[in-house]
Amino acid sequence: MPGLDATPGFEMDENFKERLIRNVKKEVKQIMEEAVTRKFVHEESSSITSLCAAVEACLSQGLRRRALGLFKTSSTTALLHKVAKSFPPANHISRMVQDLENVDPTNRKSSSSGDSTSKPLPPPLLKKNSTGIISQSHHQQPKYLWIRLALLEKQLAGIIAYLVENSSRYYEKDSLVADPDCGSILSSLLVGPCALDYSKTKTQDHFWTDPPADELVQRHRISSGTTSCQPTPPLNFGRSLHTGGSSEDALGQMPRSAKDYVESLHQNSKATLLYGKNNVNVHPPQSDPMPGYLSLHQSARGLVIKWTPNQLMNGFVSNCSSETGGIGGGGDGKDGKEDKSQYWQYALNLRVEDIVYVHCHQQGGGEGGGTVVLVGQDGVQRPPICFPTGQGHLLSFLSCLENGLLPMGQLDPPLWSQRGKGKAFPRSRRRPAPMPDQNQEAIDYVFRIISKARPEDLLSSQELMDPGYRRGVAKNWRVLSSASASASSSDSPHTSESLNPPDSPAIPQPEQNSNGHPIRLVCQTMKRQIISRAFYGWLAYCRHLSTVRTHLSGLVNGKIVEGSTEDREGLTVERWQLLSQDGCVTDSQQVLRLAYYGGVAAELRSEVWPYLLGHYVWGSTSNERQDLDEGTRQSYETTMSEWLAAEAVATQRDRPSSESSASHSSEEQDDESDLGDSIEDGEEPTSPVSSQGGIYSKELLDLFALNLHRIDKDVQRCDRNYWYFVPPDNLEKLRNIMCTYVWERLDAGYMQGMCDLVAPLLVVFDDEAKTYACFCNLMERMSANFPHGGAMDAHFANMRSLIQILDAELFELMHQHGDYTHFYFCYRWFLLDFKRELVYEDVFMVWEVIWAARYVASNHFVLFLALALVQTYRDIILTNSMDFTDIIKFFNEMAERHDARAVLALSRELVLQLQTLIENK
C-alpha cells in the first residue's frame, strides 16, 4: 500500500539531505583551513571545484522542471537565468555567464554538470588535491561556472538565501532548499567562503593544494603495502674530475635524482652539514674554472666532501654555445636538458676516508683566498679547489674538517688554537723573509689525514714504535715558502715524490722489533683505549639512565602489572557479576586491570564509572551507595535552587524598569520595581525564589551573569550532531549541571571546554545528580589543565622528554622543521582528554582506560596516548617533512578518524617500555 512506504521514503530523503549538508560542511571546512594555512586561496584551487560540486548537488535536489520554462532541462544554470529576472545579484552573475558562454557556444553546458544529454565525453577530471598541473585551454570553461563566478563575486550566499525564501516557486516541497532547516543551514555555510578574497596571482605552486589528511593516510597505506617498489639508486658522483665524461645512458638517468641530490646538500635528518660555501671555484683539466657550492657533511658512514656546480644548484640551462663550449665541449646548446646534464660529470662527491693528503696553498696570510688539492690513497690528485678571497675561508674549511674527524681521526699537524682568535695555521720553525719587491708571500702546507681506526696508522706512529724517536726533528709535514704563487707544488701533476715529506715515518725494520718492547707498548696503548672507551660508554649510559629515572620515573608506576589474554577481553557482564556478588566489589585491582587492558562493556559503564571516578568506594554495599546517591541528589537540588534564585535576580535587574508584563498582577509589578530600585541604589537584594533567603551582592550577580552567558553559548553548540543532545531537554540538563558547578566555584568560573567533559558523563548516566558528582571528581584532575592551572606546561615538558628518549628521529625532525618541540599542537588533546579527536564510542573506551591506568600503570597515561597518536602517523610526518602548521592541519582533519584500539595498544606498549627502561631489565 502507498501509505506503508511513505515513512521509509521520508527517512531516506532526510538521510540524503543530511549527507548533502555534511558534504558541504566538509568542503567549507577544507577551503577555510586552506585560507588560514596558506594565507590565500587561488581561483583555480581544487577546493573551490569540490565546494561548487557540493553546492550543485544540493541545488539540483528536488528542482522543478516546469518552473524553469519550456524545454528547459534540470540544469541549475537555467535556474540562475530564471532567478535573474527578479533578483539583481543573480542578474549580474547571469550576464557574466552569458558573456563567457558566447566566447565558445559549444561549451555552454560546462556551467553546470546536471545535464545528461548526448555529447562527446569530457576529458577526465583530476582528483581532488592532485599535485598535477591542470591544463585548461581557453576554449574549455571550468565546471560549475555560475556557482564559481557567484562565489568569486561574493554573491553565492545571497542567491541561495533568495532561493530558500522563494523555494515554493522553484522546488518541490520535500527538497533540500525548501526544507526550513537544511535550506537556512546551506545559505549560512556559504557566508564564510563568500567573505574570502581569492587570488589570481600565479605562484610557483598555484595549482597545488595541500593534500588532506585522508589522502596522506591513503598514500602511506599504498606505499607501505607495496613491496616491489625499489628506492631510487643514488647518483655516482665519485668519478675523477680529470677524466672524460660519462656515457649517454648515465647522463640520461642523472636528472631524475637531481632534486634529491641538491636537497641532500642541506641539513637533513641523515647527515649533518658541517661547512658550506658558495662560489668556490674548481679547475677541471682542459677547462676554465667553474664556480660551485662546496659542502662538508657528516653522516653515519663518515665525512663526505661535495662540490656541485652552480648550474646544477640554481636550475641553470644554457642556451649559449659560447658558454657550453668551455665546459669540455659538451652539447650544442639546442636542448636545455642536454646542456645541463653535462655538468654532472664535474660534480664532486668524495669520502674523507679515501683522502690521504690535503695540500693547501695560502696566499697573502689568509686574506688572499687559498687553494686546496686533495690527494687520494691511489695517489690521484683531484682538481684544485679555489676559495674566494677574504675572511679566511680556507682556514674555516680546515677547522670544520678537523672537528669532523674527531675523535676517530685528526689532521697531522693539527691546527693551532689562538686565544680569542680561534684556529690558525701551524707556524714553521724558519719563515723566509719576503722578497723586497713583494709585500705578500705564498705559503704551502701539507696536512695528512690520520684515522685512528686503521691498524696501519697505528703502526706508523714513531712515538710508539721507536723509543729513540728524536723529538727535535720536524714532523711529517713541511712548510714551503716562495715569492710567487707559480712556485706552488699543488699545480704540478707530477708530485709522486713530493707527496711524501722528507721526515715521513719509514716502515720499521725487523731488528728494531726484536726485543718486542714497541709492540708491547702498542698493545698496552690499544688496551687502555678500549677499556677507556668502554668505561666512558658505560658511564654515559649510566648518566642517561639516571636522567631517565630522575625525570621520567614519576610518569609511570614502579610496579609492572602484566596483562593476560583474558584481561584483554575487558570487563564483561559475566566477570562483573562474579566480582560484584552480593552487591559488594572487593577485588578492585582485578576490575582496574580488566578495565585498563580491555575496557568496560557498554551496558556496565553506568555502574562501573562511579568506581573509576572515585564517587563510589570499593567494597561499599548497595544500601551505602543508595544513601550516597540520595545525599548527592539533595545537595544538588539545594545548590541548584540557589543559583536559580540568583539567575532570577540577575534577569530582573537587567530587564528595563519601563517594561512590565501584562500577565503579572499590579502587586507583583510593584515588588519588581522596588527590587530594581534597590539594585540600582547599590543595595544587596534578597531573592524571593531562594529557599534559604540568600543575599547576593552586585559584584556576585555580575560575575554569575557573565558565566551564564558563556555557558549558554557553549551548551547550544555542544555535540549537536550526537543523537542524545538533539532533544532540548537533554541540553537543559547539561546547562543545569554546568551552572551548578560554576555557582560553587565562581572564583574560577566557567571556561570553554568544560561542557565537552560533562557531555559524555551525562550520556552514560542520564542522571543530573550523579553526573554532577562524577564531574566534580573528574575536575579534580582536569582543572589544572585549564588556564588558571599549571599542568599544561608540565605536560608539554614531559612530552618533550618522552619523545626525545623513545623516538629520537622524530624529535630531531620536529626540531629542524620550525622547532615545534613545544608540542602546542597537543593542547586540545590534554585539555579534553582526546574528546574531540575520537567518536563518542571511542571516547568512552579511552576515558575508562585513562581512569584505570592511574592505579595500574601510570597517572600520566594521557602523555603516552599523545605519544602513541604521534607515532601512529610518524612515517607520514617524516615522509612529508611536516612543520608546525602542517601537523596542526593534519590532526585537525584526522579528528574522529583514528583507530582508538590500535592507539590504546601502542600506548600500553610505550608505558611498558619506559617501565622496563627504568628497571634496567
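1. A good place to begin is a salt bridge: Arg-633 pairs with Asp-767, and their closest N and O atoms are 3.7 Å apart. Arg-633 sits in helix α23 (residues 622-654), while Asp-767 belongs to the loop between α27 (754-765) and α28 (768-782), so this pair ties together parts that are 134 residues apart in sequence. Arg-633 is partly exposed, with a relative accessible area of 29%. Asp-767 is also partly exposed, at 25%. Please keep in mind as you read on that this is a predicted model.

2. How many salt bridges does the structure hold? The count is 26, and a few of them are worth a visit. One is formed by Asp-756 and Lys-835, with the closest N and O atoms 3.2 Å apart. This pair links distant parts of the chain, with Asp-756 in helix α27 and Lys-835 in the loop between α31 (827-832) and α32, 79 residues apart. Asp-756 and Lys-835 are both buried.

3. Another salt bridge joins Asp-807 and Arg-874, where the closest N and O atoms are 2.8 Å apart. Asp-807 is in the loop between α29 (791-806) and α30 (808-816), and Arg-874 is in helix α34 (residues 874-879), so the pair ties together parts that are 67 residues apart in sequence. Are these two residues buried or exposed? Asp-807 counts as buried because its relative accessibility is 7%, under the 20% limit. Arg-874 counts as buried too, because its value of 19% is also under 20%.

4. Salt bridges can also share partners. Here they join Glu-566, Asp-567, Arg-575 and Arg-593 into one network. If you are looking at the model on screen, these four residues can be picked out together as members of that network.

5. Next, a helix pair. Two packed helices are described by the angle between their axes and the distance between the axes. Helix α22 (residues 605-612) packs with helix α32 (residues 840-856) at an angle of about 35°, and their axes are 10 Å apart. What is the handedness of the crossing of α22 and α32? The crossing is left-handed.

6. Which residues meet where α22 and α32 pack? From α22 come Arg-605, Trp-609 and Leu-612. On the α32 side they meet Glu-841, Phe-844, Met-845, Glu-848, Trp-851 and Tyr-855. Sorted by class, the contact of α22 with α32 has six nonpolar residues, three charged ones and no polar ones.

7. Now for the strands. Strand β3 (residues 271-282) pairs with strand β4 (residues 290-299) in the antiparallel sense, over nine bridges. Within that pairing you can find Val-280 opposite Gly-292 of β4. A second partner of β3 is strand β9 (residues 385-387), again antiparallel, over two bridges. There, Val-282 has Ile-385 in β9 as its bridge partner.

8. While you have the strands in view, one general point may help. The side chains of a regular strand alternate between the two faces of the sheet.

9. Two backbone spots have a positive phi in a residue other than glycine. Asp-582 has a phi of about 60° and is placed in the loop between α20 (573-579) and α21 (588-598). Asp-582 is exposed, with a relative accessible area of 79%.

10. Phe-823 also has a positive phi, near 60°, and is found in the loop between α30 and α31. Is Phe-823 buried or exposed? Phe-823 is buried, at a relative accessible area of 0%.

11. Do not miss the peptide bond between Asp-412 and Pro-413: it is cis, with omega about 5°. Pro-413 is in the loop between β10 (409-412) and β11 (416-418).

12. Last on the tour is Ala-195, in the loop between α9 (191-194) and β2 (198-199). Ala-195 is exposed, with a relative accessible area of 55%. Its C-alpha atom is separated by 9.6 Å from that of Gln-155, and Ala-195 and Gln-155 are 40 residues apart along the chain.

Note on methods
Residues numbered from 1 in each chain as written. Predicted model: local features only at pLDDT ≥ 70, side-chain atom pairs only at ≥ 80, totals over all residues. Heavy atoms only, no water. Axes fitted to C-alpha atoms, helices over the stretch in contact; angles between N-to-C directions. Helix = DSSP H or I, 4+ residues; strand = E, 2+ residues; numbered from the N terminus. Left-handed = near helix turned anticlockwise from the far one by under 90°. Contact = heavy atoms within 4.5 Å. Nonpolar A, V, L, I, M, F, W, Y, C, P; charged D, E, K, R; others polar. Pairing = 2+ DSSP bridges. Salt bridge = Lys/Arg side-chain N within 4 Å of Asp/Glu carboxyl O. Buried < 20%, exposed > 50% of the residue type's maximum accessible area, 1.4 Å probe, protein only.
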